[in-house]
Amino acid sequence: MFNFSPAIPGRSDLDWCWYLRRHGEAGEALERVLHNIGVMDPGGWAAWGRSQLTATGAPVEMLFSSGQPDLQLTTEVADPITDPTSRVAEVCRIMRSLGAKTPPSSLRDVISAAQGTGPLRYGAWLGLRQSSDGLHCTLSAELPATASDLSDLICSDGGCPSITDLGDNTKATMVSFDGTTGQVTLHFEMQNATRRCLPDLAKRAQVCPEVLSMTIDSITDRPASTAALPVSTLGFSYTIGGAGALPILTLSLSAIDAFGSDAKTARRIKRFDGQRLMGYGALVDNLPLMSGGQCHHGRIGLTARVNAAPQLSIGVAAPWSCLFDDNSAKDPIPIN
């Protein structure tokens with residue numbers, strides 16, 4: 001049973017929980033869930049090891065999307081250094097307690113079989129989105145590199161590509177389940193990707209690869225190349241809709257690979273479509289400086305649309321200062 005009393009943040013949480021509270025009831029609702037999970041509990045996350053959810057080690061990543069104004073984030077649900085094999089079960093337990101649907105047994109069986117084929121790094125994460133009609137939850141379950149091609153099992157209608165169709169440099173990395181809509185998303189990574197892969201990826205969603213290519217160039221402010229992309233590894237995912245619906249393609253670029261720093265990332269995002277990312281500026285304008293090649297910004301998402309520009313999304317690690325004591329300054333990032 002979850003506790004609905006006001007959350008009392010630990011000392012180290014105060015450096016960023018102001019951001020949640022500035023969003024009023026929506027922020028308070030998410031803060032309470034994080035507190036109940038233990039992420040913001042005074043005796044909880046402070047003793048944790050570094051999380052692989054973010055490059056900074058923070059256990060929470062805020063998410064911003066031009067197509068979704070709601071307050072949303074992804075979080076760990078247990079100490080990242082503990083055994084991750086039970087993490088899917090823990091996320092499902094939390095989702096049920098919050099009134100969300102959990103994956104059907106058939107999908108749970110596929111995830112369990114896949115995770116049993118090799119070592120796990122994080123097991124699963126929980127996505128939370130607070131909207132006017134309530135709290136929405138998403139399970140994101142890790143697929144180890146040793147897992148076989150699960151496309152046919154996860155997407156029985158053939159909406160997802162098979163790994164073999166995309167080449168030996170492609171692997172499935174994660175499967176997500178939306179506890180509100182029941183939609184399933186299969187995530188991939190392609191090493192040493194070039195623009196030549198974009199037509200194949202776009203074809204399945206019946207979107208224009210040229211638009212995707214031009215959008216990548218517009219965000220990164222780099223001259224178009226006949227083949228090269230501004231990142232060495234291209235992430236992409238397909239969200240499977242209902243019967244007869246086209247899959248939704250989202251490309252994913254590493255911010256640190258594309259830009260190298262928080263300051264450069266924030267400048268480009270703000271100039272490109274930042275005004276439509278609700279709450280983005282308020283967070284990034286107060287991020288502490290990072291050193292050692294670390295970056296608060298995670299992955300930049302481009303969700304393709306038919307006859308329209310892609311929707312932009314980006315993840316930003318929540319700035320817990322105690323994780324940065326040895327490698328960061330206290331001054332905010334100079335964005336301008």
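## Overall fold

Helices and strands are DSSP runs, of at least four residues for a helix and at least two for a strand, and they are numbered from the N terminus. Counted that way, the protein chain in this predicted model has eleven helices and twelve strands.

Let's look at how the chain packs. Of its 336 residues, 55% are buried. Take the contacts between residues with a separation of 6 or more: 68% of them join residues 24 or more positions apart.

## The surface

How much area does the protein chain expose? The value is about 14800 Å², and carbon and sulfur atoms supply 50% of it.

## A helix with two sides

Helix 4, which covers residues 105-115, is a nice one to explore in the structure above. Its buried residues are Leu-107, Val-110, Ile-111, Ala-114 and Gln-115. These five sit on the same side of helix 4, because they cover an arc of only 125° around the axis.

Now turn to the other side of helix 4. There you will find Ser-105, Asp-109 and Ala-113, which are exposed.

## Cysteines and disulfides

A disulfide is a covalent bond between the sulfur atoms of two cysteines. How many disulfides does a search of the whole structure find? The result is zero.

Are Cys-137 and Cys-197 buried or exposed? A residue is called buried when its relative accessible area is under 20%. Cys-137 has 0% relative accessibility, so Cys-137 counts as buried. Cys-197 has a relative accessible area of 10%, so Cys-197 is buried too.

Technical notes:
Residues are numbered from 1 along each chain as its sequence is written. This is a predicted model: local features need pLDDT of at least 70, side-chain atom pairs count only at pLDDT 80 or more; totals for chains, interfaces and linings use all residues. Side-chain values use heavy atoms; hydrogens and water are left out. Buried means under 20% relative accessible area, exposed over 50%, partly exposed in between (1.4 Å probe, protein chains only). The arc is that of the directions from the helix axis to the C-beta atoms. Contact means heavy atoms within 4.5 Å. Accessible areas come from the Shrake-Rupley method with a 1.4 Å probe; for residues, only the protein chains shown count as cover. A disulfide is a pair of cysteine sulfur atoms within 2.5 Å.
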